[in-house]
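Hi,

Here is the structure I said I would pass on. Have a look at it first, and my notes on what turned up follow underneath.

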Amino acid sequence: MLSFELIGQITALVILCKIVSSIYYRLIMSPKHPLSYGKWVIITGSTAGIGKEYADYCAKMGMSIFLISRSESKLKEQQKELVEDHKGTNVEVRYLAYDFTDMGPAREKFYEDLDKACVQMDKEGK
């Protein structure tokens, strides 16, 4: 009987610790600013929906954006919009068109181009 009581108390203590930890991280500790992770953010599916809104949010936060989506014409349009909407800031917008359902040589070329772009963004610093 004593062992069951002890197990119950330990379980209650663990649950209480998780609740206190959750409250601390959600309500008390302030989140990191996105720029603390670096200057650039890569956003896929960026020409519509959540991706488009996230790109705008990141631009408002002062981050430079690397857009990836299927349609190059939509990417150009979005690049133009973001640059115009955030004039006077240091926001830079680049893009790479690719459909993630493509396989074979197109896929290899995309990842090579993406690697080059990431190396360039890394050289430009945080």
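Let me start with a contact between side chains: Lys-52 and Glu-81 meet in a salt bridge, at 3.7 Å from N to O. Keep in mind that this is a predicted model. The bridge ties together distant parts of the chain, since Lys-52 belongs to helix α2 and Glu-81 to helix α3, 29 residues apart. Both ends are partly exposed: Lys-52 has a relative accessible area of 31%, and Glu-81 comes in at 30%. Glu-81 also has Asp-56 to look at: the two are 25 residues apart along the chain, and their C-alpha atoms are separated by 9.4 Å.

Asp-56 has a salt bridge of its own, with Lys-60, at 3.3 Å from N to O. These two are four residues apart in helix α2, so about one helical turn separates them. Is each partner buried or exposed? Asp-56 counts as buried because its relative accessibility is 19% and the cut-off is under 20%. Lys-60, on the other hand, is exposed, with a relative accessible area of 60%.

Over in helix α4 there is another bridge with that spacing: Asp-113 and Lys-109 lie four residues apart there, about one turn of the helix. Their closest N and O atoms are 2.9 Å apart. Asp-113 is partly exposed at 23% relative accessibility, and Lys-109 is partly exposed too, with 49%. In total the structure holds four salt bridges. As general background, side chains of opposite charge can pair when their charged atoms come close.

Now for the inside. The largest nonpolar core has 12 residues, including Val-41, Ile-43, Ala-55, Cys-58, Ile-65, Leu-67 and Val-93. At least two of its residues come from each of β1, α2 (49–60), β2 (64–69) and α3 (72–85). Helix α2 is the top contributor, with three residues. Grouping of this sort fits a general tendency: in soluble globular proteins, nonpolar side chains tend to be buried together.

If you want one residue to click on in that core, try Ile-43. Which residues does Ile-43 touch, leaving aside its neighbours within four places in sequence? The contacts are Gly-51, Tyr-54, Ala-55, Cys-58, Ile-65, Phe-66, Leu-67 and Ile-68. Apart from the 12-residue core lies another core, this one of nine residues, among them Phe-66, Ile-68, Tyr-98 and Met-121. So two of the residues that Ile-43 contacts, Phe-66 and Ile-68, are listed in that other core.

On to the rings. The count comes to six aromatic pairs. One of them is Tyr-54 with Tyr-57, a stacked pair at 6.2 Å centre to centre, with 25° between the planes. Both tyrosines sit in helix α2, three residues apart, about one turn of the helix. Tyr-54 is partly exposed, with a relative accessible area of 40%, and Tyr-57 is partly exposed at 40% as well.

Tyr-98 and Phe-110 make another stacked pair, with ring centres 4.1 Å apart and 10° between the planes. This pair links distant parts of the chain: Tyr-98 is in the loop between β3 (93–97) and α4 (105–123), while Phe-110 is in helix α4, 12 residues away. Both Tyr-98 and Phe-110 are buried. They also belong to a cluster, in which ring pairs link Tyr-98, Phe-100, Phe-110 and Tyr-111.

Last, the surface. Ile-15, Ile-19, Ile-23, Tyr-24, Tyr-25, Leu-27, Ile-28 and Met-29 form a nonpolar patch there, with about 850 Å² of accessible area together. Where does Met-29 sit? Met-29 is in the loop between α1 (2–28) and β1 (40–44). With 40% relative accessibility, Met-29 counts as partly exposed.

That's the lot from me.

Cheers

Terms used:
Residues numbered from 1 in each chain as written. Predicted model: local features only at pLDDT ≥ 70, side-chain atom pairs only at ≥ 80, totals over all residues. Heavy atoms only, no water. Patch = residues over 30% accessible without salt bridge, like charges linked within 9 Å, V, L, I, M, F, W, Y side chains within 5 Å. Areas by Shrake-Rupley, 256 points an atom, 1.4 Å probe, with all protein chains shown as cover. Buried < 20%, exposed > 50% of the residue type's maximum accessible area, 1.4 Å probe, protein only. Core = buried A, V, L, I, M, F, W, Y, C linked by side-chain atoms within 4.5 Å. Contact = heavy atoms within 4.5 Å. Phe/Tyr/Trp six-rings, centres within 6.5 Å; stacked < 30°, edge-to-face > 60°.
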